[in-house]
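Student: Before we discuss this chain, I should like each term to be tested against its definition. May we begin with the structure itself?

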Amino acid sequence: MDARRPLDRWLLVATVAALVAGGVTRLAGLSGLADACWAVGTLIGVVPAVGWVVKALRRGRLGVDLVAVLALAGTLVVGEYLAGALIAVMLATGRALEAAASRRAYRDLRALLERAPRSARRRRGAEVATVDVTEVAVDDVLVVGPGEVVPVDGTVTAGTAVLDESALTGEPAQVERRTGEGVRSGVLNAGGVFEVTAGATARDSTYAEVVRLAREAGAEKAPAVRLAERYAAWFLPLALGLAGGAWALSGEAVRAVAVLVVATPCPLLLAVPVAVVSGMSRAARRGVVVRDGRALESLGRARTLVLDKTGTLTAGRPRVLEVAAVPGGPSPTEVLRLAASVDQVSVHVLAEAVTREARDRDLALSLPLDVVEEPGRGATGTVDGRRIAVGKTDLPTAELPAWARGVENRALLDGAAVAWVTVDGALTGAVLLHDPLRREAPHTVRRLRAAGLTRLLLLTGDRPEPARQVGTVLGLDDVAAGQLPADKVRAVRDECERAVTVMVGDGLNDAPALAAADIGVAMGARGATSASVAADIVLTTDRVARLADAMDLAVRARRIAVQSAAGGMVMSLLAMAAALLGLLPPAPGALLQEGIDVAAILNALRVLLPARGTGGPPLEPAAERLIHRFAAEHEELRGVLDAIRDAANLLSADPGPAALAAVRRVDRLLTERLLPHEYAEEHQLYPALNSQLGGPDATETMSRAHAEIERLARRIASHLAVADSAGTLLPEQLDDLRASLYGLHTVLRLHFSQEEESYFSLSS
């Protein structure tokens with residue numbers, strides 16, 4: 001593209017100069033010299049046009065440039081030199097417009113290449129030296145200063161990293177990475193100095209992969225013309241036929257030339273590639289790197305979507321679902337604190353989830369002593385003088401106490417794993433963990449269906465229970481669990497035989513299926529490199545919503561490309577009919593065709609603009625802050641939901657003093673934490689979202705849920721007042737109190753999920 005730019009510029013200058021020179025000499029009364037100038041301008045246009053035709057023939061195509069060559073040659077033969085000069089200017093202008101549009105469209109892709117890190121500051125002992133980024137090795141300690149780009153993937157080992165990750169994710173919000181957390185190459189240090197221990201070389205780091213994909217996206221242009229070639233297959237013979245018919249009917253070669261002049265198919269030559277490349281550019285801004293125009297064009301025609309579960313529809317890492325405790329024993333919060341105190345020194349992935357949950361709840365962890373970890377069994381250590389074990393239990397299901405069997409049953413139904421907690425050898429509690437559905441997944445699935453996908457299929461190597469649960473929640477058309485890589489490949493190939501199929505995945509096991517699909521999409525932010533290599537499209541942000549963005553962009557880019565080409569050809573056909581009837585001479589026809597070309601190209605460039613009527617107005621900063629605040633509070637309030645369920649379970653097992661104490665604790669949590677949270681949402685968050693959601697009607701259902709939550713909370717408080725008067729829970733209270741607790745737990749879970757999907761997902 002860059003090498004061709006001087007030739008395009010020279011061609012435009014030369015043809016315009018010939019046209020102007022001819023006009024000046026004609027005004028001076030030198031008609032012969034004017035014709036000579038215009039003839040030279042026509043010849044200047046013929047030479048490169050012939051080259052374009054020869055190049056197309058070498059590729060085995062009869063390119064649409066053939067019409068332009070015939071039109072230019074025809075004007076020379078019949079002496080319509082002014083028309084020839086105008087066609088030459090038209091072609092040169094079109095090439096210049098294409099170059100300018102392509103430069104504009106590729107700007108975002110080039111930005112990725114230009115900011116690739118080239119050097120790094122490596123610290124060895126007390127000395128810091130600047131080295132080429134290719135010299136960085138794994139475990140090197142690197143210093144990253146303010147405004148510098150992180151050179152390789154690694155882990156923060158000193159300081160706190162405040163990062164601008166927009167180059168990778170498309171998200172403007174800054175993120176904070178503390179000591180021990182991972183950072184990716186290519187992100188900008190927006191804070192103070194910090195140190196990173198390299199976890200990969202520059203070649204194997206995240207940004208190198210993005211740069212490689214961007215280079216491929218910028219280099220691959222020929223597939224983008226495939227749509228144009230399909231239209232040209234019938235337009236080219238039609239134009240030649242009309243030109244021949246005009247000559248045969250009128251006996252005047254000038255009419256044939258006039259038809260060819262207005263048939264010069266610049267809308268096909270330029271508008272279609274400009275629209276597709278512009279779509280690739282806009283996708284890059286949203287954190288979606290498209291390898292080539294073929295992938296974007298095919299994505300716009302896709303009707304089937306095959307999804308992996310773990311890491312694609314789910315978060316890809318375990319999270320605490322529930323904490324249970326033995327009736328009459330430590331509270332669920334204490335069980336979690338004890339388990340996390342031991343697990344904080346474990347390297348197991350479930351241990352990390354337990355520790356993260358405890359820290360999210362601001363629990364004070366104790367330093368464990370004498371920790372022993374048995375692979376596949378769990379960890380054991382001494383915490384505050386007690387021997388704590390976290391992991392599997394040796395007791396068979398039949399010998400588990402009733403509360404523990406209930407935990408196992410819930411784990412089976414929820415598709416969760418169980419980490420049992422024993423204190424001094426006694427089974428005391430359990431932590432249930434699962435891989436949660438991504439917050440934006442339901443909304444994304446609805447957007448994908450709206451974009452034209454008619455069949456959504458889940459393929460996963462996971463167990464059937466959690467797979468079916470995800471499929472039910474998202475409303476997928478089919479679910480296949482226990483899939484090995486070979487099974488996924490067979491399933492994807494079967495789908496490809498029925499319709500254009502997209503496969504989305506993130507792991508090593510997804511790479512073969514991604515390669516087998518018509519369009520492979522890789523979750524590249526945390527996914528395996530092999531998946532990114534096999535994919536046609538890579539989502540550089542860890543948000544599945546970007547898949548819906550890519551689908552919307554592909555559909556819109558293809559629609560505008562077809563609109564530009566078809567609209568331009570319809571106008572050209574009308575002009576050809578006028579020329580055939582002798583109503584449009586060659587010179588005015590050339591001017592008219594120039595206007596048609598400019599209109600088609602400008603229409604194609606609309607792809608770069610935001611689509612109208614989508615997404616609503618951007619969130620105000622105040623609303624964005626409120627969303628982050630209440631999303632964080634949801635995490636903190638998950639312990640309240642556990643307490644409500646545990647109190648209801650105690651009422652079922654033993655409605656005595658322990659159950660009454662649990663209900664009192666629930667009432668205190670509701671009064672002090674939950675109800676103030678719901679009140680603040682109703683009076684602060686919802687009004688702030690009205691402009692984004694189209695008015696207060698959009699939050700009416702959620703407001704009704706707030707009223708139901710308050711009603712149930714007050715009902716529980718009324719039961720406590722009756723129990724206080726009687727000195728105990730009365731038998732006639734138990735059924736209604738238990739129903740109120742279970743009902744409140746269910747309403748809260750549904751309400752939290754709806755808010756997170758509908759409102760919190762609006763935030764970046």
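The dialogue below takes up the sheets, the cores and the cavities in turn.

Tutor: This is a predicted model, in which local features need pLDDT of at least 70 and side-chain atom pairs count only at pLDDT 80 or more, while totals for chains, interfaces and linings use all residues. Residues are numbered from 1 along each chain as its sequence is written, and side-chain values use heavy atoms, with hydrogens and water left out.

Student: What makes a segment a helix or a strand, and how many of each does the chain have?

Tutor: Helices (H or I, at least four residues) and strands (E, at least two) are DSSP runs, numbered from the N terminus. By that rule the chain has 25 helices and 22 strands.

Student: Why are β4 and β7 called paired?

Tutor: Two strands pair if DSSP finds at least two bridges between them. Strand β4 (residues 154-158) and β7 have 2 bridges in the antiparallel sense, so they meet the definition. Within this pair, Thr155 has Gly182 of β7 as its bridge partner.

Student: What is the strand order of the sheet of 6 strands, and which strands are its edges?

Tutor: This open sheet runs β2-β1-β3-β9-β4-β7 with antiparallel pairing. Its edge strands are β2 (127-132) and β7 (182-183), each of which pairs on one side only.

Student: How do you know that β3 pairs with both β1 and β9?

Tutor: Strand β1 (residues 119-124) pairs with β3 over 3 bridges, and β3 pairs with strand β9 (residues 194-198) over 4 bridges. Arg122 has Leu142 of β3 as its bridge partner, while Val141 stands opposite Thr197 in β9.

Student: What makes both faces of β3 count as covered?

Tutor: In a regular strand the side chains alternate between the two faces of the sheet. Buried means under 20% relative accessible area, exposed over 50%, partly exposed in between (1.4 Å probe, protein chains only). Val141 and Val143 on one side of β3 (residues 141-144), and Leu142 and Val144 on the other, are all buried. By the same cut-off, 52% of the 764 residues of the chain count as buried.

Student: Why does one side of β6 and of β8 lack a neighbour in the sheet of 3 strands?

Tutor: The order of this open sheet is β6-β5-β8, with antiparallel pairing. β6 (175-177) and β8 (188-189) stand at the edges with a single partner strand each, so one side of each is left without a neighbour in the sheet. Strand β5 (residues 161-164) pairs with β8 over 2 bridges, and Leu163 stands opposite Asn189 in β8.

Student: What makes a group of residues a nonpolar core, and which residues have the most contacts inside the largest one?

Tutor: A nonpolar core is a set of buried Ala, Val, Leu, Ile, Met, Phe, Trp, Tyr and Cys residues joined through side-chain atoms within 4.5 Å. The largest has 49 residues, and Leu305 and Ile537 have the most contacts inside it. Helix α20 (residues 545-580) gives the most to this core, with 10 residues. A second, separate core of 31 residues includes Leu637, Leu674, Leu712 and Leu748.

Student: What makes a space a cavity, and what lines the second largest one?

Tutor: On a 1 Å grid over the protein atoms alone, a cavity is a set of points where a 1.4 Å probe fits but cannot get out, and lining residues have an atom within 4 Å of a point. The search finds 2 cavities of 30 Å³ or more. Among the residues lining the second largest are Leu307, Leu313 and Val544, and helix α15 (residues 441-450) gives the largest share of that lining, 4 residues.

Methods. 1 Å grid on protein atoms, 1.4 Å probe; cavity = no way out; pocket = protein on both sides within 12 Å on 5 of 7 lines; lining within 4 Å. Points joined across faces, edges and corners; volume = space filled by probe spheres on them.
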